[in-house]
Amino acid sequence: MERSTIVRVHEGLHARPATRFVKLAKSFESEVEIVKDGKSASAKSAVKLMLLAVKENDEVTIRTRGADEIEAVEALIGYLENPLAGLAEEQAPAEPDAAAAVGVTLKIEPAKPAAVEEEISGALKGVAASEGYAVGAAFAHFPPEIKPERRKLSVGEMEAELVRFTDAVEVVQARMNASLASDALSANDRGIIAALRDIAADDELRDEVVTAINTGSDAVTAVIGAATRIAAQFGQVNDSYLNARADDVQSVGRQICLALLGQADASLDDIPEGAILIAEDIGAWDLARAPLKRIGGIVCGHGGATSHIAIIARAHGIPAVLGMGPQVHELGKAREIALDGHRGHVVANPEGSVLTGFRARIDEAAREREALKAFRDTTPRRADGTVIEVAANIGSLEEIDAAREAGAMGVGLFRTELLFMRHMHLPSEDMQAETYAALAKAFAPHPVIVRTLDIGGDKPISGIEFPDEENPFLGWRGIRMCLDRPDIFKPQLRALLRAAVHGNVKVMLPMVADVGEVRAARALIETCKAELAAEKVAFGEFQLGVMIETPAAVLIAPALAKEVAFFSIGTNDLTQYIMAADRLNPTVAKLNDVTNVAVMSAIEMTARAGVAAGIMVGMCGEAAGRPDLIPEFLRMGLTELSMSPASIHRAKKRIAELGA
């Protein structure tokens, strides 16, 4: 069986989306191939899949053969048509107020770019991979190179060498699994390590090594050769992100060789506070496990802006300059290093005006960051004394710490679809109840607003079969799908009622376009209450609200306001629906502007209806964190703004300025 589609996965099937796709493919017995531009690859090999260089908006064909071929095609096509599948691959750099203080690492744009260029014109140039400035002691990290043993095996030695190789792969995977179990890892770092672990056991790498051993090569030589060849293939792909995966393959090959030799790699555990890490290359696994809070900056001979080193550095607010080439060895001999992660400049043993310039900008950024941190625990108010709740948009429990650290006054949007999408099967009522309860307890007494399942043809999940739709954004999604599938909706509502015993849970319905949808949902909630009471299961009450994201909801806002306890304006979808412009279509991107008079009018109409009815009106789209728009939203009557944690300090500061 075969079926073609257009890939909607954000940025295509690069590292982690590829490994997730492979994991899904492996869950079926059928043989599975993916075809692009006449070239095919096994969908059960992450390396082969990545080498096919499947990008967003590419047309591909899925071919299956076996007992469950129909189910396999449907599930894999669903994944490929899911725009959210790749969004977690790389997080955007944090705002300076949300970045942790790491040595003298700072992340603001320089006040005088031209002056900086002049001051460090003699600096060595690399790839600007993670923004920020740093000055610190050089910490050289140049582990010894592993060289091929070049032993020729006899026929009688081959079997033992194969076992030795298999054992080494298991050792590497066990080490990586142990790292994944650590609470110290962020969700971002955990995803990177999981991708590396999958490369270590990938069929492409294994088959090449096994073939080499069976023809008389020792395991170390075979692994080095296979990793080098596969890395070279990634290097030849016309895609910068996939080029960067060459470093990952080499890193995994090194770890397998170390396991074969019974050796441990050089450790980063003793790096001094604020030091600049200088290396020819750093494995993503090694870096993710390093004491990142002590690292002031990173300078590497290899790597680029899309490498996993860069992703980890950005996620932790560490300035980094990569791709330095052989000159990195000279930098390793320096006493002190200054680096500019904005432009990719590195200075060894900075002196005079160069050092003074770096120090000045570090001090300037520190003052700005400290000033913003002062707003972490601020309770912002309008001039009339009304409290404005500045909350966080999150999608998993792993994001709680970042939101709390930023000073979030609760959660304005908890995206439950991510809980559904990360599992191969629908999450149970108990699992959901535990998740929502943990969320509520983490932010008590502040409210947490949980959005019920917002899944449609554009965001498919295992366990729900969606119809083929010409435009999934206008199709069977959100509250429409949930009301049609009470077998899915009721366990979620029951779980939310159980979590509501903590007293701060609110629930909102997505994609509402008709008052009848709210009434139907409320009737289902009452049924769930009766069932829980009969089963003697403790539950609580929650406020029910709706997301305002369809033009229909805006036009009937006065009627909706009589049915619910609050509105939450979802500006991302509202903008695309008001402007009739797909927000994933780059050719109409300019129309997706929340400041367009039509969109702002829709927001004001909604706010007016909510204020007139005496209910809370909030916003959970990204526009909520824009300092330039906050004054308008407050004027309209919004009293809750929910945003990414990185925007919270600045939003609180802006509201405080308006209320002063």
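This report describes the sheet, a helix that lies across it, and the surroundings of one threonine in a predicted model.

The sheet is open and consists of four strands in the order β1-β4-β2-β3, with antiparallel pairing. Its edge strands are β1 and β3, each of which pairs on one side only, and the twist from one strand to the next averages 25°. The strands have the following extents.

| Strand | Residues |
|---|---|
| β1 | 2–6 |
| β2 | 31–36 |
| β3 | 39–42 |
| β4 | 59–65 |

Between β2 and β3 the antiparallel pairing extends over four bridges, and Val35 has Ser40 in β3 as its bridge partner.

Helix α3, which spans residues 69–80, lies across β1, β2 and β4, and its direction makes an angle of about 160° with that of β4.

Thr64 has its place in strand β4. Is this residue, Thr64, buried or exposed? With a relative accessible area of 6%, Thr64 counts as buried, because this value falls under the 20% limit that defines the term. When its neighbours within four places in sequence are left aside, Thr64 is in contact with Met1, Glu31, Val32, Glu69, Ala72 and Val73. For one of these residues, Glu69, a polar approach is also found, in that a polar atom of the Thr64 side chain lies 3.2 Å from the backbone oxygen of Glu69.

Notes:
Residues numbered from 1 in each chain as written. Predicted model: local features only at pLDDT ≥ 70, side-chain atom pairs only at ≥ 80, totals over all residues. Heavy atoms only, no water. Pairing = 2+ DSSP bridges. Helix = DSSP H or I, 4+ residues; strand = E, 2+ residues; numbered from the N terminus. Axes fitted to C-alpha atoms, helices over the stretch in contact; angles between N-to-C directions. Contact = heavy atoms within 4.5 Å. Buried < 20%, exposed > 50% of the residue type's maximum accessible area, 1.4 Å probe, protein only. Polar contact = N/O pair within 3.5 Å; in protein donor to acceptor, adjacent residues only side chain to side chain.
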